[in-house]
Each structure stands twice: as structure tokens, then as C-alpha cells.
Amino acid sequence: MRSRKKSPPAVRSKRGLQVVSGRGGSRRAPEGSAHALALKGSRDPSAEHPNRLPLLPLRSDVVFPQTVVPLVINRPSGIRLVDEVLIGERLVGLVSQLHPEVDEPGMTDLYPTICVGTVLKMLKFPDGSTRIVCQGQTRARLVKVVQTQPYLIGEVEPLEEELLEEGVELDALVHHVNRLFQRMIDQSQQIPEELQVAAMNTREPGRLVDLLASSLPFSIEERQVLLGEINVRTRLERLGQYLSRQLAVLELSTKIQEQVGSELSKAQRDHFLRQQIKAIQEELGEGEPDNPEIAELWERIKAAGPPEDVLHEAERELERLAAMHPSSAEYSIVRTYLDWLAILPWGKSSRDRLDLRRARKVLDHDHYDLEKIKERILEYLAVRKLKKDMKGPILCFAGPPGTGKTSLGKSIARALGREFVRVSLGGVHDEAEIRGHRRTYVAAMPGRIIQGIRKAATNNPVFMLDEVDKLGADFRGDPSSALLEVLDPEQNSTFRDHYLDVDFDLSKVMFIATANMLETIPSPLLDRMEVLQLPGYSEEEKTMIAQKYIIPKQLDAHGLVAGDLEITELALKKIIADYTREAGLRNLEREIAGICRKVARRRAEGKRGTISVGPNQLADLLGPSRFFRELVDRTGIPGVATGLAWTPTGGEILFIEATGMPGKGQLMLTGLLGESMRESAQAAMSYLKSHAKALALDASRFNKTDVHIHVPAGAVPKDGPSAGVAIAAALISLFRDEPIQTELAMTGEVTLTGRVLPVGGVRDKILAARRAGIRTLLIPRHNEKDLVELPPEVKADLTFRLVDTLDDVVPRLFEVRSVKSKRKPDPIKSKAPALTTVKTPKISPQTTPKTELPATKLPRRPRTV
């Protein structure tokens, strides 16, 4: 019979287990420590070690009996365990974790087979970690964890090895393992010599298995299988299987490495021979044999119909490709370039549908109103019908968000029968996004223009450049400058992308750019585009669009039919007025979608019948009103005037507030005003001072009164000269102590001589004034042209007063009163005579006579539903 040899340095402890004494001998653990409490547990008389042991979880290590291993401990619980174990008998249970990422493992996170070991030595390091040297003693099975704090303590039972009889079979197994291990040594240079010497001098089979299992690169699962196997014969067989697999992996890895090296040397040799063959063929005047792949690529390029210069460049690149080896890096670059030349639609165009009636029907079906843009598209079709080689127009749709600019581009493509391509330019900072990267860069590719043409598969698509006003520029270049060539009809026929490096004809493409505001577009780029304004919609237009387009679309999107929901016209008008305040339609569509969702929920809950939504039901469906008309609350006070402002999202009303206090004639301006608006206020004050007598103002008060002008919404930046008339009106109202008419608003720039100059964004300002309840508007006479295209219902609701100078403005500011105002005197007038009794001043003789333009006499614009 052969049994395990006892380790020579081991001595038997008082408690029956073989332990190896460390330096300094053994000391008894303190009575209050967790280790001492564990030692007081019940004992099994037949066991060679105590029933309970402190457990040290190991993340990626498995310790075998009779092996010495170093361990690094970082967990606070592990460090405390080692400190207390060293005070006692130095016994510890070394258990491996099932999941290394678990910081506080429990019973389910630990392998059931452990190794009982002895701590031989401990060293502490400055980084807070502790390093120990342990020697495994015997196998054991973890029965349960009896304590988790301050560290794990488990109840264990010993596992005794099954003794083997000496014989030929055992010797054959040991010989087989040794032979496999020797083959691994021959294949790998990483096995240390010390391990070889130790294996050669180990005679006991079980000890040999433990030694190799702890030293060779087996997985945690494989090591745990070997640790848990108590039958030495079975353990030898499993070790032989694991060694065979490791040996196969090493042999295959060596074979792959040799093949890669031989292929590289073969590629170099082939390239050298190919160059020699090429030189010999050139001397003999013979051509290279045809390559089927290159021939097929050449046929594809010719079938695309490129110009002659492109064919010449393609032929040159094909010759380079034929001389390259397919494994070279340059080969894939040239091949990709030739694929781009072959796939671009050099001569492929879609046939335009030149039926004007059909085009008109498509445009009217998709969009309500927008007559000016529809007429422009029909004009293009008419000229295209007469002149086949007409170049594509360069259009720019400008207007607030939600007015249908992007969707209009799709409708134009459908009306023309062309492909539609959309490229968003918002936030683009790199010029290469437009022109592409040169082929010298890694992963170079064409720019967005050529990529869009490839996507369309025709050379005459409708190409939309969305958000062109939001282009940026930095150290990588200016994309707007790169667009100059793209959007110039005289240059885009020879557009050259950096990647292609050949000319591509863009003259047949119909480019449509979209923008919310034109001020941020560079002047050279704006000059190349025909700008078509898409102004905001009136309330009547929004109601019509909601009934014909938005409601049917949202019903279909939410799985409803026309009979499930009915929104009355009064409810729509209330949604437009009280829940949305915008020039476009996006918020209106969101609110209608919110109603549809609530109706869909009721349908899903089993409720049937048509749900009718009127004005009274909106509070339950959409909540309280979000907007209210504050005109009456904020006007009707001396020193307050209502102005008009334009923003990228539409028009807005603007309140100008002026107040006075005793002082030295200083002017204060607040409300986050820009430089232009500040200068307008100074110009208005200078005009009042220089024309105080004509305006019936007490000139002495200007030097004794400090004036403060404030424009509310102080967190919103404001700028522009169009508030000049409103600022002057507020100052006149302040010094007269007479309120301006409540339903009166005004816009216009004021000069030092009192002239009122034209401003922009008049249509959006007028629509905003109507939404706010304004009934009378003072606008510069030179803006009379902007009234022509107003909707008829807007003209009917508003009265427009055309003014040339401030002398035309003053008589229209105040209501005609038959009795004297009973308002309390202004504190700034304590030393000055009252101004409320001053009559309206005469208009200077040199002023141009006032002309009123009645709303009912304005020319009406034709409208198509």
C-alpha cells in the first residue's frame, strides 16, 4: 500500500492538525477576537482540524495541499483576519470565489472544496495592502458559513484521499503525465526550471498532481475539479486530459505563428518576382495577363458613363491596382476609390414630370397656402418644359420653425418625380464634411454632397441643405465657404470633391436650403440663393390646416378613426390662442396629439362612442391655459407703450416702460438691451429735448428728471432699431402723464430728425399683434408693401396707420378726451406744471401729409385650399 508522505517540517498541534510553525512561535488568540470565538466552537473528534475556521476568499487563485503560494490581500476584512490568525495557531481556510467581482461573498459565491492552510509570513505595504505566504495542508469541504462579520467563518469537514495500490496502471498514469509535461516544456519557454526540477523529484502521485495543477495555466474551474477530487487515480486521469488540451493549444499557436511568418515572407518574395516579371514583359513588349476582377471593375466604370477625364483617371488607377498585391494596404484604398467612381450616377438622370396640373395638385394636397413658393415651382416646370437643358435653381426657404420648410422639399420632389435627399448642416464645423477628405488620410471618404448623390442614384435629385443658417467654422475650415461652389450655378458644373479629385456636374441638381434666420448666413452664400420667405400662419390658417391635415394625421398615428374624436372649431381656436403661441404648427400638433392619446386610452379601456372636444373640455385634457393676453393689464399707464419685435420663432409684442424721478437728467436703460436699442433710446430722448416746444413738453423738466427705460423679460437679450417709435411714444406719454391707447402698437426706427424708417419682419409682427389683441398699428410708410400679402382676415381685423415722422405718430397715441384726467399727479412733476392739459401739438408744415390705408382697401392675395 502507498499513502501520502507527511511533510517533514510539520509538527502536530495540540488540536490534532499538522501545522508549520512560523517565526516567533505560536501565541494564543485574544479572548475577545472573532478567531478566538471561532475556536470555541464544537469539534469533531475524528477530524484532524477544528470544525470551524476563518475563511479567506480568493478571487483568482486556488491553493493546493503541500504547496507554498504568495497572496496579496486588499480587503479590510481579509487584513483583519490575517492579523488575528497570526496571533493564534495560523490556520485559515483558503477558498476560491465563483465570481471574482463580488466584494463580500457569501456561501453561494464560494466553491465547496477548500484547502486548509497555514500562514507562514506576513508583510504590510505602504499602499495599505497586506502580502502573506501560505502553505496548503489538507483538503476540506465547506459545510456552511456560520459568521460573516468581521470576516467569514465557516464550518468545514476534512476530505481524506483514497489510497492507491501500487501497480502497472498507476505507474502508466504517472508516466503519461510526465511525458505530457515534458512535451509542454519543449513547446513553451515560459515554464520555469524550478518547476521542472520539483516535478522530476516528486514520487508521490497525488503530490505530483497538486504541484502541476497549482503551477500550470489551468482555469479556476479546472483547478477546483482537481482540488475536489479525492481519488488519486481519477485526479491523474483528469490532469492528463487538461495537459493534452493545453499541449494542443500550444502546438496550434506555434503552427499559426509559423504560417503567418511564412506568408509574410512569401508575400515579399511574390512582390519581388512580380516586379521582375513586369520588367521582363516590358523588355519583350508583352502585356500582363488579364485580371477578371479588374476587367469587371473597368466595365462597371464605363457603364456608369463618366466624362473622358474621369475615364482617364480611372484607367490610371486601374493600372496601379493591377501592379499591387491584394494584401497590401494601398490595394484596398485604390479599390474603394474605383468603387466610388463606378457607383456614382455620372450619366443617370430621372425623368421630370412636366405636367403642371399634376404638380399643382400634389403641392396643394401636401401643403395649405404657400402660394408664392408653389408659383415658383410651377414657373420652373414651365421653363423646364420649354428649355430642356435648364440649370437647377438654388432656393432658400426662410421662416420660423414649424412652417413646413423641410416637408415642402419632399413635396417638390414628388411633384417633379425626382429623388429626394436631405442633409442636415446644423453644427457642421469641418469643411471636409462638404468637400470630403483627401485619400492620403486613413478612412478617407467623400463629402456629404457626393454621398447624397450616391444615395439618390441619379444626378438630378432634389437636394435639401437643412439648417444652413447654423453652420459653424473653426480651425478645420469654413463649411459655408465650401458651399459657395456647390450653390453657384456658374461653378457647380465642375464641382471637385477632395476624395474623388475629379469634376462632378451638379448643375442638374435642384438645391433647396432652409433657414430660420438670414442674418447668420454669410453674405456671399446668401447672394447665391433665391430666398423665399415662409412667414408664420394666422389663426384662421392654423385652424384650417389643423382640420384638413393635422387632425387626420394624428388620428391615424394613434390608431383612431374619424368617428372616434371630434374637435370643434372653437376648441381649435382656443388651443391656438391659449395653449400655443408660435408662428408655426409644431406645438399645435403636439397638443392635438395629447388629446388623441387620452382618447386612445379611453378606447383601450373599452369605452365607445364619439368623443367631442369643445372649449370647456380643454382644461381637463390639456390642463390650464398656458398663455393669456396681458395687454390690458400692462398698458393704460403713462409711460408704457406697446412695441413689436421679431424673433427666429416668429413675432412678439414688446412692452416699453418708462418712469421718471427727481434727478439731473440722466437716462438709464435696463432689460438686457443691445447697442442698437440703447442708441434708439438716446436718439428718441434727444428728439424730445430738441422738439419739446413742438411737442408741448416742459423743456425745464428734462434737466431735473432722471428717466429710466426698462423692457420687461429682463433675462431675454433684445436688440435692433425697430423699437425706436415705441420708445419715443413711451417717453412722450411719461412727460405728458397721459396713457397711450390700450389697443395700439407700433414699430419703426427713429432718426434724430424724427423720421420713421422701415423695418423688417413686418408680417410676423402684425400676426403677433393680432394674437395679442391689438387693433391699431402704426407702421412706417415704406413698409406699406408688406401689407399686400397679409391674409384677408388679418386685414379685416386690424387698422393700419402709415407714418413718415414722429409728428404723424403723436396725434394717434392718445385717446380724445372730453373731460380732464383725474389721475393722481406724478411725483416727478412736483416742481413743474401739469402736462395733462396740454393740447395735441400741431404737425409741422414741412411734414408729409398723413395717409391712412384702410384694411378693407388692401389688395387681397389669392389663396388655394
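Start by selecting Leu572, Ile575, Ile576 and Tyr579 in helix 19, then add Leu588, Glu591, Ile592 and Ile595 in helix 20: these two sets meet, with contact meaning heavy atoms within 4.5 Å. Helices here are DSSP runs (H or I, at least four residues), numbered from the N terminus. You're looking at a predicted model, where local features need pLDDT of at least 70, side-chain atom pairs count only at pLDDT 80 or more, and totals for chains, interfaces and linings use all residues. Residues are numbered from 1 along each chain as its sequence is written, and side-chain values use heavy atoms, with hydrogens and water left out.

Color that contact by class and you get seven nonpolar, no polar and one charged residues.

Next, show helix 19 (residues 569-579) and helix 20 as cylinders: their axes come within 10 Å and cross at roughly 125°. That makes helix 19 oblique to helix 20, oblique being what is left after under 35 degrees (roughly parallel), over 145 (roughly antiparallel) and 65 to 115 (roughly perpendicular).

Now hop to the second largest pocket by selecting His367, Gly404, Ser407, Lys553 and Glu589, which lie nearest its centre among 27 lining residues. A pocket is an open set of points on a 1 Å grid where a 1.4 Å probe fits, with protein on both sides within 12 Å along at least five of seven lines; lining residues have an atom within 4 Å of a point. Its volume is about 760 Å³, meaning the space filled by probe spheres set on the points.

Finally, select helix 13 (405-416), helix 18 (539-557) and helix 20 (586-604), each supplying at least two lining residues. Helix 13 gives the most, with six.

Methods. Axes are lines fitted to C-alpha atoms, for helices over the stretch in contact, and angles run from 0 to 180 degrees between N-to-C directions. Ala, Val, Leu, Ile, Met, Phe, Trp, Tyr, Cys and Pro count as nonpolar, Asp, Glu, Lys and Arg as charged, and the others, Gly among them, as polar.
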